[in-house]
Amino acid sequence: MLQSCAGSCTLFPSHLVCRRRDAVYRIRVSLLHPQQRQHNSCSNTRHRKIVVIPFSQKDQTLYYKNIPFCVELLDAKNKKDILEIYKMVRNEDDRKNFPSDFVDNLFSCTRKFVRSLLPHEFVRIYKTMIVIGKKDKELDLLMHQQMKRIHANFDVITISKLFQLFTIGKWRPVYLIKMLTETFLRCLEREGVNQSDDQRINGSTDESTNQTHQCTTDSTLRPWHVRELVAIFCFFRIQSEKHIKNIFHHCTPWIGKNIQKFTPKDVTIILYSTVHLGRQNPIILSAAVKHVTFNGDSFQFFQLAIILNCFASLGEKNSKLCKVVCDQVKRRMRPTLSPGITSPGVHPDEVVEIGPTDIEADCATDVFGGSSANAPSVFAVNQKRESTDAHKNNKRCSIQGGYPEPKDVSVMVNALIRLEHYDNATFNCLIPYIVNHASKFSPQSLSNLVHAYSQMQIKDTLMLEKLSEECIIKMKKFKNIEMSNLASSLVRLNVKNKVLFTYMIDEFLYRATIGVKYKNYQFDVVSLQQFAYSFSKVGLSDEKVYVILHRMLLRRIGQLRKNSKKGDRATELLVGRKDEKRNGQPHDQPDMRSNKHPVSCLGGIVSRGPQFDFLCLSTIVNSYASAKIKTKNLFHFISYIIREKKKRKEILSNQSLCCLVYGLAKLQLPDRKIHQLLLKEGTERVDTLKPFQAVLLLYSFSKLRIYSRMFVKKAVQLCSRNIHQLTLADLSLACYSLSNMLYRDVIFLYKVSKVILVNNFEFEKTNICQLFNSFTKLCFFYKPIYQLIFQRMVVCMHDLGEKELANVSLSFAYYFHTVRLSVCEGETEKKERKENVKENVKENVKENVKENVKENVKEKVKEKVKEKVKEEVKQEVKQEGEGAPSQGIPPSECHLVQSHPELFFRNELNIFFNLIFLLNEKYRQKMSIISIQQLQVVDLYLRAFFPMYCNFPGFLKTFFIKVRSVKQCIDDYLMMSSKTHRNVSRFLSLVGVTHRSEVQFGPYQLDIVVDLLQNKKKMRGFVRTLDDPSVEESSNVDIIYKTKRLEGQRVITENSYSDGSNAHKVVEKKIEKNILVEVDGVSHFYRESHSRAINSIIKNFILEKCGWHIIHIPYQEWNQCVDFKRKVLYAVQVLRQILRISREDISVGDFLHLLRDPSPVQGQIYRTTEVACATNNEEHITPVEAETRTSSHGEVKSETEGMDTPHFYTVSEEELFRNQTKNRSRHQKGLMQKMHQDNQLTYPFNVVHPRGSAEGEVVANGTQMSSQPPMSP
């Protein structure tokens, strides 16, 4: 059936319509001339085109609803009909029956009604536009203008719906939104006033109340109204502080009162928008926590993830919220089985597939920076979802609140980490889901997952393998910060997947070289820090990678400096962050790193950019030190950055300080000024350090060989107070550091040994070596701790390396001598106690005898007193036999140690022999020079200390013979010489002591070895000569004494001093003894004491056993010689000691011109013998027989030596006080003078004559008392 539409329809005047079989056929007819039409009818009708229009009998009503297709008829419709057509067009099935240009025609016909549209009619038009998916710019512009005109007439509901539609359609009319927001807030204020007035008015009728209630319910504020108001400012990032402040000022109290009316969706969106707008409102936060706590089952998984992430972004730690969310996750993630299947026993480590997925998340769970963060579904209202809202709610409740998406899981676990809520059960229950859905995770989610589990230290092998495989597949899609975060997290878990890191390094090299020109491949400082840390921990030693890292870091710092000059506060280089803890931050924070439109600081939340702070610097320094990479200009770069940051007074945290100093110690930075700067910083804040940080700083400064008395003292006190908080590794490292610094604190060492014995730690080989080395080097002896160390050493000696075996072998030499010294000291103390007891008893006896006059009484008293004396002596002997609690040594052991040390140390020697056997078998052919030098010291000590060395095992003697055969040669001895040593050498040469410096003697360097003594004539002008005829007779003779080494060599010729008439002869004589002058610097003594270190004691012991006569020059004595004259006089005193040692070979008269007064030398030191020599007419002198005394270190000294050596440097305390106050300020001088008057300022280093202070004053003035008359030579 055909029907012509030319007469009735003006839209299509040349069409024919045919209805057939539920379809409408429209035929286009061209109006041609009749002859033309007749001609065409005979030919092929190609000009006709049939368009099939679907037609259904069920939808015949659509065609009859007065909806014309032509523009003219459509334009003739009124506004009401046009709006009804908008409503009908939303139906997708109906919309298919309209022609293609019908919607455009509808928009064009609507433009003329824009000026007459009501507020709710704008909503209808915008809703149709969103459903259809088309937009007319002209119509949209006209509607915006009209809404601006009548914005005051909009109500709350209409504004909320418009905001919702703007959000869905992504229309951003900022000015219109601000105007509508002001109207919204005015309506809200007006409604609040009306409600308060209604509450005051009483007496209204029931009908009026019902009518008013019905009217107010339509305009009452609802939760979703506030939600859309806050959401649109967040979604479009409208930065208007005035409007945002007013919104929260008016809406926050209403939210707090009506929180029970809010749905989970409302709470989630409002909280997310609040955080994203930079507001930290405690009312909204507490309301969200209450809503989640009481209605946790109604929240979807993605909503819980968003809420947790919001709290984490604000830094608000709420354990109650975290606990509720974790309980919800554990309950919902329980494995579900299909109906009709019984639940068999499932192994806890088995991966279980979780139930079916019926609901998809409609909201982007990545709150900050994800690809779906700007999706309209966050704020959109899906009409299909609204129509079936009740059905879906019931369905969600049936499956425990929804099923998670992969992105939701990654956001939730990272939020829990940032909130520091560590619930292992929650993380473990998510592992099966992660394993089964690993392929669905995005690169960002993969990076965040590995980061979260690395912070929890949960190392599930299957999960990490799955995630690593996905990371390899998606490596090119990773952003720089995601890739660096992944690398550092894997290293933290000690997962070193070779394939994954190979791909990662290749991708990094590509992006850092070829991809530098792309903006997406630009590295920030944090990423470079994490890459350096990860590559060093993996063990990468490719120098090219670290060179590229260094270049990228320099380039990035240059960019930050340019931005800082422009005034960009967020990217300043040298303005440090107050919170340097950045390793725990997940990647989902674009406001801090990668957001193109950062949110302004509104509610106290500051968007902080990446900073090159001290923590970054310390991490990079540690990374390069671990990899042992020293690139070009690295030291200069580090020193410059530290100086610049300190000039800017950047904040240096304790953690950064410890890491930085530790890295510099490993990197061996040679800048001493930087070391002093950091040491000063550590000294100032040592009281704020944690105990393990103090230990780490002690170790680092000991490696840098820098010392501060205040820092070490305070650090030891801090560790001593918190000693129970330290682990075995910390305790051993602290003792090792003190031994490197030679700081001997016996009380602290005793506490450490007690704590180790009480706690019964599990020793490792490193702890054993450090403890044994430190205890022996610090000369500390406590028998129980050594027994424990020896027991553990036997167990782990086979695991020791070459360096550790050599160190332990040297420590055994220290141990043997430490025991010997402690035994000798114990014996001397016991003898002194016995003598004191006897003297006290004798005094008591005398007093009792004087009181009793009668003889009988006297005898009885004497007998009683003798009995008491015997009993007291017996008790003292018993107590001494039991031993002091710190020593525990019986009296007979002293003789055993000195006479038969092999028997006393038989158990220790067995362990020592085993160590040498292992060293001989394993590392004989690959020993370092340092180990060989240590073993040479051990060899010399064993031969000097043990008389029965010949009975030691044959492999030990053979091994030490090979060690002894290694010769060391030092080209430049000045490298081994100190400034004090060179100064002493110069003055000894001045007084006629010709010598050699830094002479190699086995493993030791001998400071000054005397070769010859010369009777120099030029000293006569400096020192007052004696009026002695013998001296005048020998004025033309120069006498020299030389050692065996120079025998046969002509050192000085006779005419070497010839000067015309003043020519004189040279007479050479021989010295039989080997004389050595040792300049004892700081390393020869323990810090803050005058006790000689154990290595110096052992060196003296070995050299004396080898036949050397040693003269010590301590640095404390030499430093008191402040001018030239005193240094010369000190050198003269050294010459006197040399003469005293060689008195059997030297005639004293040849050197009398060097002495101010010969009487002290002759009367107190020497006396003539009856034996005379006839060949050279020299007098032979013998030493005065003097009693020997034992020092605290077991050294035997002569009483005359202790009395006479040296004398001149014993100056008065007044002179010392004047020297100290010379360059002080007036205030300091006053304080020091007051302390000196109160005897608070003493000089213990001043050597006092043992016979009394009066004699010491005589010596200080240059004179000496003699008991014998002077003797002529």
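1. Let's start with A425, which sits in helix α21. In this predicted model, A425 counts as partly exposed because its relative accessible area is 38%, a value that lies between the 20% and 50% cut-offs. If you look for its company from elsewhere in the sequence, try D327: the two residues are 98 apart along the chain, and their C-alpha atoms are separated by 9.5 Å.

2. Stay in this part of the chain for a salt bridge. E420 pairs with K317, and the closest N and O atoms are 2.8 Å apart. Both partners are in loops: E420 lies between α20 (406-418) and α21 (424-429), while K317 lies between α16 (301-314) and α17 (319-332), so the pair links distant parts of the chain, 103 residues apart. How exposed are E420 and K317? E420 is partly exposed, with 38% relative accessibility, whereas K317 is exposed, at 53%.

3. A second salt bridge is worth a look for its setting. The side chains of E121 and K79 meet at 3.3 Å, N to O. This pair also links distant parts of the chain, with E121 in helix α7 (residues 119-132), K79 in helix α4 (residues 79-89), and 42 residues from one to the other. E121 counts as buried because its relative accessible area is 7%, and the cut-off for buried is under 20%.

4. For a salt bridge with both ends buried, turn to E650 and K645. Their side chains meet at 3.1 Å, N to O, and each of the two residues is buried. There is also a network to trace on screen: R111, D136 and E138 are joined into one by salt bridges that share partners. As a general reminder, side chains of opposite charge can pair when their charged atoms come close. Over the whole structure, the search finds 23 salt bridges.

5. Now the cysteines. How many disulfides does the model have? The count comes to zero. Two cysteines to look at while you are there are C471 and C1121. C471 is buried, with 1% relative accessibility, and C1121 is buried as well, with 4%.

6. For a buried residue in a helix, try T183. This threonine is found in helix α10 (residues 174-200), and it counts as buried because its relative accessible area is 1%. Which residues does T183 touch, once neighbours within four places in sequence are left aside? The contacts are H151, A152, F154 and I159.

7. I747 makes a useful contrast. It belongs to helix α36 (residues 746-759), and at 61% relative accessibility I747 is exposed, since the cut-off for exposed is over 50%. Its C-alpha atom is separated by 9.1 Å from that of S720, a residue 27 places away along the chain.

8. On the surface, Y510, I514 and Y518 make a nonpolar patch of about 300 Å². Of these, Y518 is placed in the loop between α26 (498-513) and α27 (525-538). With 41% relative accessibility, Y518 counts as partly exposed.

9. The hairpin of β5 and β6 deserves a moment. Strand β5 (residues 993-1001) and strand β6 (residues 1004-1014) run antiparallel and are joined by eight bridges. To check the register, find T994, whose bridge partner in β6 is L1012. There are two residues between the strands, and in this hairpin G1002 takes a positive phi near 65 degrees.

10. Finally, the protein as a whole. The model holds 55 helices and 14 strands. Of its 1273 residues, 48% count as buried. The accessible surface comes to about 66800 Å², and carbon and sulfur atoms account for 50% of that. What share of contacts between residues at least 6 apart in sequence join residues at least 24 apart? The share is 76%. The E420 and K317 salt bridge, with its partners 103 residues apart, is one example of a link between distant parts of the chain.

Terms used
Residues are numbered from 1 along each chain as its sequence is written. This is a predicted model: local features need pLDDT of at least 70, side-chain atom pairs count only at pLDDT 80 or more; totals for chains, interfaces and linings use all residues. Side-chain values use heavy atoms; hydrogens and water are left out. Helices (H or I, at least four residues) and strands (E, at least two) are DSSP runs, numbered from the N terminus. Buried means under 20% relative accessible area, exposed over 50%, partly exposed in between (1.4 Å probe, protein chains only). Patches are made of residues with over 30% relative accessible area and no salt bridge: like charges are joined within 9 Å, nonpolar side chains (Val, Leu, Ile, Met, Phe, Trp, Tyr) within 5 Å. Accessible areas come from the Shrake-Rupley method with a 1.4 Å probe; for residues, only the protein chains shown count as cover. A salt bridge is a side-chain nitrogen of Lys or Arg within 4 Å of a carboxyl oxygen of Asp or Glu. Two strands pair if DSSP finds at least two bridges between them. A disulfide is a pair of cysteine sulfur atoms within 2.5 Å. Contact means heavy atoms within 4.5 Å.
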